[in-house]
Amino acid sequence: MTGQTTVRHTAPAVVRRDRPTAVPERAEAPVAAGEARLVTGEPGCGRSRFLDRAARAFTAGPVVHVRADPAAATVPYAGLRALLGLFAEPNAHRPAAPPSNGRHALGPLDAPAADAALRSALRTASADGLLLVCVDDAHLWDPASRAALGRLGRDPRAAGAVALLLTAPGHRPLDPEFAGIPRLRLDPLTAAASAALLDEETGGSLDRGVRDDLVAEAEGNPALLLALLRSLTPAQLRGRAPLPRPLADAELLTALVGGCPSALTAEEEQVLLTAAAAVREAEDGSAAVAPVRRALARLTGGAPAARLDPPPDLLVLGDGRLRFRSALVRRALYARAGERGRRAAHRALAAQETGLPGLLHHAWAEPADAATATDGAAALATALAAAAADPAVPASPRLRCAALARAADLTGDGPDQARHRLAAAQQALLAGQPHRALRLLDAVRTGAPDAELRGRAELLRGAALLRDGPVDEARATLLLAKSLLAAHAPAAALAATLGAADAAWAAGDVPGCLEALAEGHGEKEPEAPSGTSTGPGAASPDPAASLASGDGVLREHRRGMLALLERRFGAAVRSLRRVVDAAAPGDRVETLLRAAAAALLMGDLVGARGAATAALVAARTQGEAAALGPALEYLAYTELRAGRHGLARTHAEEGLRAAQRAGQRNTAAHHHAAQALAASIDGDADAVARHVRHAQEISLRHGLAQAATLAEWALARADLGDGRPAEAADRLGPLVRPGPGRGHFAVWMLAVPCFVEAAARAGRGGSAGPVVEEFAEWARFGADPQAPAQLLRCRALLAPPDRADGLYESALALHDTAGGDFERARTEFLYGQWLRRRRRLREARDRLGAALVGFERCGARAWAEQARAELRANGTSAGGARAGDLSALTPQQLRIVHHVAGGATNREIAQALTVSTRTVDYHLRKVFAALGVRSRVELARLVEQTEKTPAHP
């Protein structure tokens, strides 16, 4: 069987066109030979779209793709007969509908016969290559077919070279037939992916504010997102007419969940509504069972519903808590209950809850319109706002935001309402809900009666833009906040000053940084050598959160940044050291983030690691989702500078997820850049390219010069690690040399050692001299513990032979004190390479061996391969074998080598071995490095010589 056979039943498309942003990237290679996956997710998450894309991306062999027919769900073995019928078609390329009458020429089936027929058909179809079988909505197959499919999924290897992908909804209990099949749950889309989906659907014509409203309302559900989009008029899409409120009404939500739930009793409806009200603003989507049960008893007068025995396919109970299987189903249930039913449920819950949750349920039980609220609404609003603002009250920022926003709704127009909304916006930012914060701030902007409230609103708006928006706009907004606050709230004005400097820093705008920081900077101190680089990740934390931090910390941080930019390094270190020393575990998150930033500015990696770790712990403990991404950003950059690239990659992966959940695209860009830098050490070229693409896309849209420079450096370092010094020098030259193309002022110095190495290895060492002298000034500052040793290595690369030896030795001695396996291994490698070219083979072997050990210890696989190649060129391999020894290859590498020797292309080899061409290319690079050959012709010649030479006894 060749080609692709596809059977698809008519159904509404979740997404009209192929959009990589609409499904997670893991769709590209979800399974391999002998594997099965059950793809699940809530209604509208894109299971069918995921399967379609996985099938189209599959290139290792034929694909059979069938969608279950609900009309045949009661006919025994109808689903299996439909699948088997595809393999009996005379023309496998022609799509055809499966038989719906349950009859097939295969004859009667029972469980053993079904298994035998299915496995025989699959083994035949996969005889010439890997076969992918996709079954959409497998839960709709008849029970006998589901059982056969489940048995295959638990042991797909019994059917030959087969991979199996099934889909089933994740908001209902798993069918027992599919137990034991590994599950792959589709998570909601990130805010960035949702926005990209809307941009592609509308060609980028959607109003930005409307787009953000839709993204926030859809909560990552692609079907809901597109349904909302299609429900708007052209005027609404362009922002020229108000949007309907609510955006997602009961009719739309119920339609999306397919009428689920249906056929519920009145008691079940009450149970589900009360549960939905209980988890309305819950951080983890769950609520305690006990108060819900008591509320039900109050609502029903002790009726059986109080037992809290809801339909198990909708609600999950365990460990004293309840949660809905599907957020979309929960929203549909809550919306369709009507205002009266919702208020009754909240009133019953309010009688059972205490503290802020109880007050909030009381507030939700009030009419939505403050004009028609009860007489006690104003008093309730005051009590609610006071409890939400009290740090002694245990509550997450999300819950505090909901309480303050509801207090504003229950308060008449005026300064109190504006203050409640302002406080709610601040909590929304801390909770990682920037869109909610901006909508609250829009209301404050139109209703704020005085300059201070407007200034505080602009401060929060600038803080949101700094994490997710054009940084030039963030800087202008924060400068406006500074001017509005200067006469009324000096501490807040100082926070705005630092925020404006952070925005200019992210843009690489040194004059803009100086302008923001200059006022009242105090006495100048003696000049120090030039060089202002601070290393990646040195931007300050969220300025909005600094409203509550000590004025002294803010002043010292500003003084330190200003002194650093003015090259008064002594004063800079003194001020920044005070910021670091003032922080301690248990401090507020923003204080710890400032300490981490200050430590990175000084090159104090131990201090940066400690402060950032403490900030991460505090953010998790306090529920400040907005601080998770920045804290992990500082940790990632700290470990990169320390040479611990695997740990940096781990931090950046987690930080990227946190930033995406919090809608922080600018922070996400830095995490992409950090992952690209780490992957450039691992030798993972695909990961480098992918993360660089994402980082640069965000950087170009939002003016992030720092993240863009880091991404470009990652590409160059990948070239250098892969043995392409000329390409690396071409890429790095504009970044490190003076001129308009020079990279971000806080990063380019860190890339100088890579440029010098690339230029020297490419035979262009003469172009690197001036840059080395600038690097010498940076090394004297002391903000980078590796810089002194790197400087000597750079000088050794450019020095005449009579001086290079001593410079390399001196560099290694400095590495002993600076630490860091990677940088020391690079110096050992370059020294060993230099020694080998001068035929000092024994010394070269020692240096190259030490370099190999260092590279392997820190996971620098690309550099380790270069070290092995140099060892082979020196006459030995890493394991002591002679260069060119085929016995050192893995069995898979040997198979690829013999195919190459036979003249096969990479594509032909991939088809023969049922792997991807990318896998073949990866193994060939390893083979070339291991054998010390440079072309396929050399490799074929080596194989021929080896086969003619008898083995040694």
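Here is a chat between a student and a tutor about this predicted model.

Student: Let's start big. How many helices and how many strands does the chain have?

Tutor: We're looking at a chain of 953 residues, and 55% of them count as buried. As for its secondary structure, the tally is 43 helices and nine strands.

Student: What share of the contacts with a separation of 6 or more comes from residues 24 or more positions apart?

Tutor: Contact here means heavy atoms within 4.5 Å. Take the contacts in the chain with a separation of 6 or more, and ask how many join residues 24 or more positions apart. That share is 69%.

Student: And the outside? What part of the accessible surface belongs to carbon and sulfur atoms?

Tutor: The accessible surface of the chain adds up to about 38100 Å². Carbon and sulfur atoms hold a share of 52%.

Student: Now the inside. How much space lies in the largest cavity?

Tutor: Searching the whole structure turns up four cavities of 30 Å³ or more. The largest cavity holds about 230 Å³.

Student: Which residues are closest to the centre of that largest cavity?

Tutor: The lining of the largest cavity has 17 residues, divided into eight nonpolar, four polar and five charged. At least two lining residues come from each of helix H27 (625-642), helix H31 (705-721), helix H33 (748-761) and helix H37 (821-837). Closest to the centre are Leu640, Arg641, Trp713, Arg717 and Glu823.

Student: Helix H27 also has Thr638. Is Thr638 buried or exposed?

Tutor: Thr638 sits in helix H27. Leaving aside neighbours within four places in sequence, Thr638 is in contact with Leu600, Leu605, Ala608 and Arg609. The cut-off for buried is under 20% relative accessible area. Thr638 has a relative accessible area of 0%, so it is buried.

Student: On to charges. Which residue forms a salt bridge with Arg824?

Tutor: Look along helix H37, where the two partners lie four residues apart, about one turn of the helix. The closest N and O atoms are 3.3 Å apart, and the partner of Arg824 is Glu828.

Student: Which of those two, Arg824 or Glu828, is buried?

Tutor: Arg824 has 25% relative accessibility, so it counts as partly exposed. The other partner has a relative accessible area of 5%, so the buried one is Glu828.

Student: Which residues are joined into one network by salt bridges that share partners?

Tutor: The structure holds 60 salt bridges. Those that share partners build one network out of Asp213, Arg245, Arg439, Asp442, Glu458 and Arg461.

Student: What about Asp115 and Arg151: how many residues apart in sequence are the parts this pair ties together?

Tutor: The side chains of Asp115 and Arg151 meet in a salt bridge at 2.7 Å, N to O. Asp115 lies in helix H3 (residues 111-125) and Arg151 in helix H4 (residues 143-154), so the pair ties together parts whose separation in sequence is 36 residues.

Student: Which of Asp115 and Arg151 counts as buried?

Tutor: Arg151 has a relative accessible area of 25%, so it is partly exposed. Its partner has 14% relative accessibility, so the buried one is Asp115.

Student: Last one. How do Arg37 and Glu35 count: what class does each fall in?

Tutor: Their side chains meet in a salt bridge at 3.7 Å, N to O. Arg37 has 23% relative accessibility, and Glu35 has 26%. Partly exposed covers values between 20% and 50%, so Arg37 and Glu35 each count as partly exposed.

Definitions and conventions:
Residues numbered from 1 in each chain as written. Predicted model: local features only at pLDDT ≥ 70, side-chain atom pairs only at ≥ 80, totals over all residues. Heavy atoms only, no water. 1 Å grid on protein atoms, 1.4 Å probe; cavity = no way out; pocket = protein on both sides within 12 Å on 5 of 7 lines; lining within 4 Å. Points joined across faces, edges and corners; volume = space filled by probe spheres on them. Nonpolar A, V, L, I, M, F, W, Y, C, P; charged D, E, K, R; others polar. Buried < 20%, exposed > 50% of the residue type's maximum accessible area, 1.4 Å probe, protein only. Areas by Shrake-Rupley, 256 points an atom, 1.4 Å probe, with all protein chains shown as cover. Salt bridge = Lys/Arg side-chain N within 4 Å of Asp/Glu carboxyl O.
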